[in-house]
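Open the model in a viewer and keep the selection panel at hand. The stops below say what to select and what is there.

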Amino acid sequence: MTTVLDRAAPPAPRLARDRRRWAWGLAAVALTAAALAGSGLLSGPVLNRGGFAQFGRFAAAALRPELDPGFLAVVADSVLVTVAYAVLGGGLALLLGAVGAVLVSRRTWGRRRTGWLVTRGLLAVPRGLHEAVWGLLLLNVLGLDPWVGVLAIAVPYGAVTATVFADLLDEVPRGGYEALVAAGAGRGTAALYGLLPPAAGGLLSYSFYRLECAVRSAVVLGLIGAGGLGYQLALSFTSLRWEQVWTTVYALALLCLLADVCGRAVRRRVAAPPSPGPGRDPVLTASVLAVVGLAGWAGWFLALSPAALFSGRTGEQLSYVAAAAWPPSTDPSLLGDVATTAVDTLLMSVVAIVLATAGAVALAGLAARPPAAGPLRRALGVLVRAGLLLLRAVPPPVWALVLLFVLLPGILPGALALAVYTLGVLGRLVGEAVEEADRRPPAALRAAGASPAGAWLYGAVPALAGPVLALALHRWEVTIRDTVLVGLLGAGGIGVLLSARTSAFDWPAVTTVLGAVVLLGFAVDVLGSRARAALR
Amino acid sequence: MSTVRAARSGGPETVTVPLLPRLSRRALLAGTGAALAAALAGCGAGSAAAPDRAGPLRIGAIPDQDPELLQRLHAAVADSLADALGIPVEYRPVTDYAAAVSLFRTGDLDLVWFGGLTGVQARLQTPGAVPVAQRDIDADFHSVFVVNTATGLTPSDDLRPLADLRFTYGSQTSTSGRLMPAYFLREAGVDPEGFPGGPGFSGSHDATLALVASGSYQAGAVNEQVWLARTEAGEVDPAVVAYARTPGYSDYHWLLGPRAAERLGGPDRVVGYFTGLSPDRPTDAGVLDLFGAGSFVPTEAANYRQIEEIGRDLGLIS
């Protein structure tokens, strides 16, 4: 997401109108209307007034978080666990991604398009399932081993990273590579010396972005029992100890902030124009070494043993689950349930993304740091940005459970929970887009006598609409996976079906549902990327 | 690490800050190598520490109520059991019912306090698992249907008025919060899945009480023991009242895993420990009190046959 922003500004848009955009626009309006109608937001009561007192207790506790030294020590320890999982999971994902990139790069396959398509298609399976779903599956094979948390991050992230790395490698100019091959170098050597150096900046930038995301994923995995901050949050939450919940949330927010700031600093540095002369940037070098060192510490801290992956017990459990899960169930009533819950999931994700985008656009002006502003405006900006940080620091399932107190059950609590969380993410991204937008057109209009609103509408909005919609579509692809997660913890959609079938240990049905989840994610990805292409 | 190394080989393109000393390629590679070696050493140390047979006996429980209460309860059991068996015992909390079953199957948990249904699931998946003991109250356990006072319903034996309410169960595979209430609802002619908007699954008995108190759900089903304990402690929101009580059924029991049974030379020592707990000894009385039991009695697989049949009927055992 932010990588999109860190790149150089795109060339000025063509002035011609694109007819495809009409079709996409109408389809989007229709889908939004269907989703809002389906969520019950427009028909009948959705609020539960009786629950306001309980929601009030949750909100009031924000001002008096638990500060007992014993509990703070537990939280500090949980932070270490979360960081350890994030670094190891993210690091392993980068390794897997590097290997995978070679396998799915167009260059590897050359003209053999079928092979390339098949390997790309295979990657859709690991990346189509949410980290939490991987966590649940791995728990059934590896038990309480810390590998569960590490692999649950590494497998889906590895698949995504492989695709992105391959694209980065395919996009760099191939002159150096071809020259080396022509001079008699082997293909491997030519790739190492001809392809990697020009792609290095992009690869490094993306790697740090992935590590940043891994922190959030490690928190979510805690919710399903992998330990760390998410686990602490789940425990405090189930016992309805709101003061403890808020202490954990603040710790989460600080950790996310730290990851954001560090990751962004490194990525900005990579994106900065290179200074002439040999030698490498010591800050970047130190960052890479710090990550490697941190990974070493994390392996020791979690007592991760490679032997556990190849133990007899792992083999036994893997064959138990595999034998039970194949063939997938084709029971008609199950397929019917899959279809209805898949539609619910889609509607939830649409409601979430529409509300989040609307909110993000409304807040963008305040979230962006203005070039010159008074102290009041600055304070307001800090407040809005801190609020957005809190919104995205609380994992969506927690939002869903809190919202269930004040909303009647249905798909709305889950959809709103995702909307709130996505608003936290999109608010920041749209704010950054506003900061980076060209300020000259609105300034020129103002100077020519236009009203502030007119200057904004005609000077700023046209340039921002494209990037903001592209961000929203990209987040939609992420949201559909999060919807499965929210459902897994009880808030509607196909995740509920998945959790019902896993708790009944109905493995053939689990396979069917997982297949549907992968297909749904894949379909949304295709739709999203087509729509973004039409925006370009 | 090839990415990291390879990524850094793009030397000429990067920014140089003169304040810090430049690193030569060799120094960089050596540093990375040293860090990797440290990482591998860390992994090696981990593998040496991996416990198997000689480790502690690991006990667990389905997370049916407040995790802090469970922690206190099972820490007490762990201490007392360690004294009785002469081996270390540790409590491992889990976050959901299905995870407790899976971890029992993988052998990560040796002795687990299961509900009726999860106990059957775990036993069917783990050849050699033995039910060892249940509380005196478990042979004749009950659930309570609770309603929000705003529904205006008064206590009754007729379950049919519940059919039109927003209704939440506890966990998906809770015996007292899902399976048996669903069974008795069906016996009374109410479709256990047919509530408006579909039934909810709160996750635990305490969460059910909180949601019914809020009114988001108008009715729910909870474990009678939890209901009585919370009522006595005055922790139930006055907006929640009992509506009906189910007939009795067999519920909670301790299940011993095959590896632990082998290690302890059969289940007898564990059975002996539980049945030997006496309210007259202060430490034992503490454990029994936390469990809300007068005593523990031996149990056997046959006691849960009805649960298994109902579980199959409702699609919760496959």
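Domain bounds here come from an automatic or database domain assignment. By that assignment chain A, in this predicted model, is divided into domain 1, with residues 17-46 and 329-536, and domain 2, with residues 78-272 and 284-325.

**Stop 1: the two domains of chain A**

Select domain 1 and domain 2 of chain A and colour them separately. Their C-alpha centres are 24 Å apart. Show the residues at the boundary: 31 from domain 1 of chain A are in contact with 33 from domain 2 of chain A. Between them the two domains of chain A bury about 2,800 Å², and 74% of this lies on carbon and sulfur atoms. On the side of domain 1 of chain A, pick out R481(A), W507(A) and V518(A), which lose the most area to domain 2 of chain A and together make up 21% of what that side buries.

Which charged contacts cross this boundary? The rule finds 5 salt bridges across the interface of domain 1 and domain 2 of chain A. Next, select R268(A) and E436(A): these residues form a salt bridge, with their closest N and O atoms 3.6 Å apart.

**Stop 2: the sheet of chain B**

Move to chain B and display its strands. An open sheet of 5 strands has the order β7-β6-β8-β5-β9 in chain B, with mixed pairing. At its edges are β7 (200-201) and β9 (240-245) of chain B, each pairing on one side only. Zoom in on strand β6 (residues 167-169) of chain B, which runs parallel to β7(B) and is joined to it by 2 bridges. Y169(B) has F201(B) in β7(B) as its bridge partner.

Now add helix α7 (residues 205-214) of chain B, which packs on the sheet and touches β5, β6, β8 (219-223) and β9 of chain B. The direction of α7 of chain B makes about 155° with that of β8(B). Then add helix α8 (residues 224-232) of chain B: this helix lies across β5, β8 and β9 of chain B and runs at about 95° to β8(B).

**Stop 3: confidence along chain B**

Colour chain B by pLDDT. The chain B average is 83, and 83% of the residues score at least 70. Which elements mark the extremes? Among the elements of chain B, strand β5 (residues 143-148) has the highest mean, 95, and helix α1 (residues 2-8) the lowest, 37.

Select residues 1-20 of chain B, where pLDDT stays under 50 and the model has 49 contacts beyond four places in sequence. Residues 43-52 of chain B are also below 50, with 7 contacts beyond near neighbours in sequence. Where pLDDT is low, predicted coordinates should not be read in detail.

Technical notes
Residues are numbered from 1 along each chain as its sequence is written. Chains are lettered from A and ligands numbered from 1 in the order in which they are written. This is a predicted model: local features need pLDDT of at least 70, side-chain atom pairs count only at pLDDT 80 or more; totals for chains, interfaces and linings use all residues. Side-chain values use heavy atoms; hydrogens and water are left out. pLDDT is the predictor's confidence in each residue, from 0 to 100. Helices (H or I, at least four residues) and strands (E, at least two) are DSSP runs, numbered from the N terminus. Contact means heavy atoms within 4.5 Å. Two strands pair if DSSP finds at least two bridges between them. Axes are lines fitted to C-alpha atoms, for helices over the stretch in contact, and angles run from 0 to 180 degrees between N-to-C directions. Buried area is the accessible area (1.4 Å probe) that two parts lose on being put together, summed over both. A salt bridge is a side-chain nitrogen of Lys or Arg within 4 Å of a carboxyl oxygen of Asp or Glu.
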